[in-house]
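Thank you all for making time this morning. I would like to walk through one structure slowly, stopping at a few residues along the way, and I hope you will keep the picture in view while I talk.

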Amino acid sequence: MDSELLQRRFDRERAARKQAEALLEQKSLELYRANEDLRKLADNLENQVQERTAELVRARDEALQANRHKSEFLSRMSHELRTPMNSILGFSQLLESDPVDPLTPGQLESLNEITRAGRHLLELINEVLDLARIESGRLNLNPEEVDLPELLDECLSLVAPMAEQRGIRLVNHFAEVSACRLQADPLRLRQILLNLLSNGVKYNREGGLLEVERPQLHNGKLSLAIRDTGLGIDPAGLQQVFEPFTRVGEEHTVEGTGIGLTISKRLIEMMDGEIGAESTPGEGSRFWIRLPCPDDGLILDGKAEAEPVEAEEPTARFRVLYMDDNPANLKLVDRLLRRHGDIETIPAPGAELGLELATAHLPDLILMDLDLPGIDAHETLHRIRQNPGLLETPVIALSAHAPPSEQKRGLEAGFHAYLATPIRMDKLVSLLDELLGA
Amino acid sequence: MKGIVFSEFLEMVEEKFSPEMADAIIMASDLPSGGAYTSVGTYHHSEIVQLVQKLSDSSTIPVADLLNAFGRHLFERFLVLYPQLTNGFDNSFDFLRHLEDHIHREVQKLYPDADLPHFSYDDGTPDRLVLEYRSRRGFADLAHGLIEGCIQHYGEPISLSRESLDGTVKVRFVLERRDT
């Protein structure tokens, strides 16, 4: 090769190298810019995510606050509504059987309507409040060991008077088991059982049968079923029974709130249980619940025959001390218990006076409003217990709005029971019968 | 046209003919680039046309034959420079069917300014493939050589025939598997 050729070749190679370098430079710059753009995009995206997150947090907080306001409003409203209901129901009951100035049959009929509607309204208020509490997640369960046969007996005796009125026979095959214990919130389980049993009575035919089936334990779940001989529910209706405010078939003839089963469903689901129903139109329905239960929780055999449940007759003659600063309540309970015949009421409009009267009379039972001015209710109870003659005397707490936690504390502190105000006379009477051992 | 075609061409000329021949055809052509090529650059395709023409003039080998030979050489070089080129393709038909949607697509990503020829193919049969080449450049002979290079690489008994649809701008290649 001659040197000229080599020189040309060298020049071309150098030119090519320079081109390549220029290209490299240009591509590097492009890459750098692309990277910058990407980074800006990523930053932007990050900012957007942060903005959106902040917006969502704000929206969530607003929703939570709105929900809190709704719950507070419902709670307050319900309290405000319950207080006048107290007077309406109480004085209606007084009028109903005033021995001095009895009502004419026509007036009595009207009064019955007022009482019935009043109770219905009260029940509705309580259930709406319950549902609101469940849905806002503010309802807490307090599970403990529950003796299910005993709880069922208690619920059956509560629906027995209503069943008797309609000639419905109650048969409890659950009584055939010798023991059945499981973990549940007794107060709420009672509410569920009462709901199912009272539905079974209300939607039954006159002279029908309401049967609690023998329990079964399968796969760690205990099932309890209640069978009625009512009109039954068609398949479409059956899908709706657990929805709020859907009452199937007998809206006009049977009184109810339409959310009892909804509440029962929510409660049982909170207990990790299930609820369901089957029905044959024209023959009757069967509602069942399933609850988690240990394998040794159910002991079958034992008692042989199903026990027919009888309504218990109230008897006994006792003295009841009633502490309440509301004169209308004092008057109401005094007259009602006096009419009951067996019970004498000692009214005490204040805690101090109540304590004096308790020492002086050593009553068989004490009713105490928790919101008495002056001494705190727990302190009052403590002072009652200091009197050796009152060590075992049952003390019932009355309150319009005691949450379950406070009720539990009260029961642990020595109160025998809680009664919600306005006082349901039938509840008070059955509680008195129970505690006074009639 | 991508610079790799030019640099590979000149290297082939230096190797198969001589460095003097390469220098002579560069000097005899009127090249805006001055014959200085880098494989990553881009140059006007008329430069390769001139270079091949001058080589044909000097060597008395027809342009078509030179382009065909260069095509076969270029395929071999591609395999050396880009060993992953044939990854995932088991035979010539497989490779050629994915030329457009796989290989050219990747090239286009790397070099957005690349002006690539178009290949379309019919569904054919397992033993027959019809490829249609289209390019404004009219390098059907180069494509022909590349396809032959591909068949050679896979070592398959395939016969290749071609039919011109529009000079060297649009050409149909027919590949048929022969019985062995």
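Let me begin with T115(A), which, once its neighbours within four places in sequence are left aside, is in contact with L89(A) and S92(A). Before going further I should say that this is a predicted model, so please hear everything that follows as values computed from that prediction. T115(A) sits in helix α2 of chain A, the helix that covers residues 105-135. Is T115(A) buried or exposed? With a relative accessible area of 7%, T115(A) is buried, because the cut-off for that word is a value under 20%.

Staying in chain A, let us go back towards the start of the chain, to D2(A), which is placed in the segment before α1, the helix of residues 3-96. D2(A) is partly exposed, its relative accessible area being 46%. Which backbone nitrogens does the side chain of D2(A) reach? One belongs to L5(A), at 2.6 Å from the side chain of D2(A), and another belongs to E4(A), whose backbone nitrogen lies 3.2 Å from a polar atom of that side chain.

Now to the cysteines. A search of the whole structure finds zero disulfides over all chains. C180(A), for example, is in no disulfide, and the nearest cysteine sulfur, which is that of C293(A), is 5.2 Å away. As a reminder for those new to the subject, a disulfide is a covalent bond between the sulfur atoms of two cysteines. Why, then, is C293(A) not bonded to C180(A)? The sulfur of C293(A) is 5.2 Å from the sulfur of C180(A), and that is too far for a bond, because the cut-off is 2.5 Å. Both residues count as buried, C180(A) at 0% relative accessibility and C293(A) at 6%.

There is one more stop in chain A, and it concerns the backbone. Most residues other than glycine have a negative phi. D272(A), however, has a phi near 65°, a positive value in a residue other than glycine. D272(A) is placed in the loop between α6, residues 260-270, and β7, residues 274-280, and at 57% relative accessibility it counts as exposed.

Let us turn to chain B, which has seven helices and four strands. Read from the N terminus on, its elements run α-α-α-α-α-α-β-β-α-β-β. Of the 180 residues of chain B, 44% count as buried. If we take the contacts in chain B with a separation of 6 or more, residues 24 or more positions apart account for 59% of them.

Chain B also has a residue with a positive phi that is not glycine, namely T60(B), where phi is near 60°. T60(B) is found in the loop between α3 and α4, the latter being residues 63-81, and T60(B) is exposed, with a relative accessible area of 68%. S56(B), by contrast, lies in helix α3 and is buried, with a relative accessible area of 9%. Not counting residues up to four places away in sequence, S56(B) touches I61(B), P62(B), V63(B) and L66(B).

Helix α2 of chain B, residues 19-28, will take us to the other chain. Which residues of this helix are buried? They are M21(B), A22(B), D23(B), I25(B) and I26(B). It helps to remember that an α-helix has 3.6 residues a turn, so residues three or four places apart point the same way. What covers the buried residues of α2(B) includes α1 and α3 of chain B, residues 3-16 and 46-59, together with α1 of chain A.

That brings us to the interface, where ten residues of chain A are in contact with 14 residues of chain B. The two chains bury about 1,000 Å² between them, and 57% of that is on carbon and sulfur atoms. How many salt bridges does the rule find across this interface? It finds three, and D23(B), which we have just met among the buried residues of α2(B), joins R8(A) in a salt bridge through their side chains, at 2.5 Å from N to O. The rule also finds five residue pairs in polar contact across the interface, with both residues at pLDDT 80 or more. Sorted by class, the side of chain A that touches chain B has six nonpolar, one polar and three charged residues.

Notes. Residues are numbered from 1 along each chain as its sequence is written. Chains are lettered from A and ligands numbered from 1 in the order in which they are written. This is a predicted model: local features need pLDDT of at least 70, side-chain atom pairs count only at pLDDT 80 or more; totals for chains, interfaces and linings use all residues. Side-chain values use heavy atoms; hydrogens and water are left out. Contact means heavy atoms within 4.5 Å. Buried area is the accessible area (1.4 Å probe) that two parts lose on being put together, summed over both. A salt bridge is a side-chain nitrogen of Lys or Arg within 4 Å of a carboxyl oxygen of Asp or Glu. A polar contact is a pair of N or O atoms within 3.5 Å; within protein, one must be able to donate a hydrogen and the other to accept it, and residues adjacent in sequence count only if both atoms are side-chain atoms. Ala, Val, Leu, Ile, Met, Phe, Trp, Tyr, Cys and Pro count as nonpolar, Asp, Glu, Lys and Arg as charged, and the others, Gly among them, as polar. Helices (H or I, at least four residues) and strands (E, at least two) are DSSP runs, numbered from the N terminus. Buried means under 20% relative accessible area, exposed over 50%, partly exposed in between (1.4 Å probe, protein chains only).
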